[in-house]
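Please look through the sequence and the structure below before reading the report that follows. The sections take up charged side chains, aromatic rings and a few individual residues in turn.

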Amino acid sequence: MTTTTVTDLYPSRGTTEVTTPRQDPVVWGAPGTPGPVDVAGLQAYERDGFLAVEELIGEDEVAVYRQELDRLVNDPVIRADERSVVEPKSKEIRSVFEVHRISEVFAALVRDERVVGRARQILGSDVYVHQSRINVKPGFGASGFYWHSDFETWHAEDGLPNMRTVSVSIALTENYDTNGGLMIMPGSHKTFLGCAGATPKDNYKKSLQMQDAGTPSDEALTAMASQYGIKLFTGKAGSATWFDCNCMHGSGDNITPFPRSNVFIVFNSVENAAVEPFAAPVRRPSFVGARDFTPVR
Ligand code: 6CS
Ligand code: FE
């Protein structure tokens, strides 16, 4: 049996923190590839690592997805499912994973050309869903997500070899500048920050509530924030932020009465299918890191 070894281009979770310059394109699609994003949009995505879309879906569609989110969150079967992650303090549901498989409503959103079309254009290939989730982020103290690069986790723990993965966060409630919106360091996607500290077994059980392994040092974050700045994303329900898998990002707690709910879909190129984890003892479950690479049709 031939075993192909895949080179680890982005070492992480060793004894010390180490940076590696990005060795992958940001926009993989050839210039001029037809699709929903115009040339200026692709140039901005290449430069910043993100692209904001003011109205990806309309108000009437938002209502459908909000209703589906409420249905899932209030379903005791879903709440008992391992795909549901609760808030550490309030024990309210924080996230439900793999919504594109457990909900036909969210499955249709994934197949929508305004969504999957942008992913194919940016990644320059057919795509599959590496991960999907609804984040409820209810008010009155829902906790945020500390600074991290998603790719650092998806490489170390899910075995994605290259940076050929794009996420879209679609707001299902208004994202104010006060209720724990997404923050990204513009341009941070061009440097990979390998974090110090080995991945504990079953790390995902804790990391989806509060990430520890794969967390940058204060020094690294200070240097990056000083170099890149920090952009806070606000927008009406229906707005969306597309961002590269290696952006340094995070979001604050939400102590306002206004929930910051979104649906979060991660598209990976079929040319970048997951192999074995690069820095973890075991794979994460497939509801967090997909092992079915069937392209979205
Ligand atoms: O570990 C993960 O895959 C998830 N964690 C965070 C905080 N962002 C990316 C992803 O949803
Ligand atoms: Fe993240």
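## A salt bridge across the chain

With a relative accessibility of 27%, Asp-126 counts as partly exposed, because that value falls between the limits for buried and exposed residues. This is a predicted model, and every value in this report should be read with that in mind.

Asp-126 has a partner in Arg-297, with which it forms a salt bridge whose closest N and O atoms are 2.9 Å apart. The pair links distant parts of the chain, since Asp-126 sits in the loop between helix H6 (113-123) and strand E5 (127-135), while Arg-297 belongs to the segment after E13, 171 residues apart. Arg-297 itself is exposed, at 62% relative accessibility.

## Other charged side chains

Side chains of opposite charge can pair when their charged atoms come close. In this model the count comes to 21 salt bridges, and one of them joins the side chains of Asp-48 and Arg-47 at 2.9 Å, N to O. Asp-48 is buried at 14% relative accessibility, whereas Arg-47 is exposed, with a relative accessible area of 54%.

Another salt bridge is formed by Arg-283 and Glu-276, whose closest N and O atoms are 2.5 Å apart. Arg-283 is partly exposed, with a relative accessible area of 42%, and Glu-276 also counts as partly exposed, at 42% relative accessibility. Elsewhere, salt bridges that share partners join Asp-81, Arg-83, Glu-98, Arg-101 and Asp-292 into one network.

Charge also appears in a patch on the surface, where Glu-54, Glu-55, Glu-59 and Asp-60 together form a negative group. Glu-54 lies in the loop between strand E2 (50-53) and helix H2 (59-73), and its relative accessibility of 75% makes it an exposed residue.

## Aromatic pairs

How many aromatic pairs does the model hold? The count comes to 11 aromatic pairs. In one of them, the ring centres of Phe-151 and Phe-192 are 6.0 Å apart and the ring planes meet at 80°, so the pair is edge-to-face. Because Phe-151 lies in helix H7 (residues 150-156) and Phe-192 in strand E9 (residues 191-194), this pair ties together parts that are 41 residues apart in sequence. Both Phe-151 and Phe-192 are buried, and with Tyr-10 they form one aromatic cluster.

Tyr-204 and Phe-287 form an aromatic pair that is likewise edge-to-face, with 6.3 Å from centre to centre and 80° between the planes. Tyr-204 lies in helix H8 (residues 204-207) and Phe-287 in the segment after strand E13 (262-269), so the pair ties together parts that are 83 residues apart in sequence. Tyr-204 and Phe-287 are both buried.

## Individual residues

Which residue comes within 6.3 Å of Ala-52, C-alpha to C-alpha, although the two are 190 residues apart in sequence? That residue is Trp-242. Ala-52 lies in strand E2 and is exposed, with a relative accessible area of 52%.

Two residues can be picked out by their backbone angles. Arg-13, in the segment before strand E1 (18-21), has a phi near 65°, which is a positive value in a residue other than glycine; Arg-13 is buried, at 6% relative accessibility. Lys-91 has a positive phi of about 65° although it is not a glycine. Lys-91 is placed in the loop between strand E3 (84-86) and strand E4 (93-97), and it is partly exposed, with a relative accessible area of 46%.

Technical notes:
Residues numbered from 1 in each chain as written. Chains lettered and ligands numbered in written order. Predicted model: local features only at pLDDT ≥ 70, side-chain atom pairs only at ≥ 80, totals over all residues. Heavy atoms only, no water. Patch = residues over 30% accessible without salt bridge, like charges linked within 9 Å, V, L, I, M, F, W, Y side chains within 5 Å. Areas by Shrake-Rupley, 256 points an atom, 1.4 Å probe, with all protein chains shown as cover. Salt bridge = Lys/Arg side-chain N within 4 Å of Asp/Glu carboxyl O. Lys, Arg positive; Asp, Glu negative; His and termini not counted. Charge placed at Lys NZ, Arg CZ, Asp CG, Glu CD. Helix = DSSP H or I, 4+ residues; strand = E, 2+ residues; numbered from the N terminus. Buried < 20%, exposed > 50% of the residue type's maximum accessible area, 1.4 Å probe, protein only. Phe/Tyr/Trp six-rings, centres within 6.5 Å; stacked < 30°, edge-to-face > 60°.
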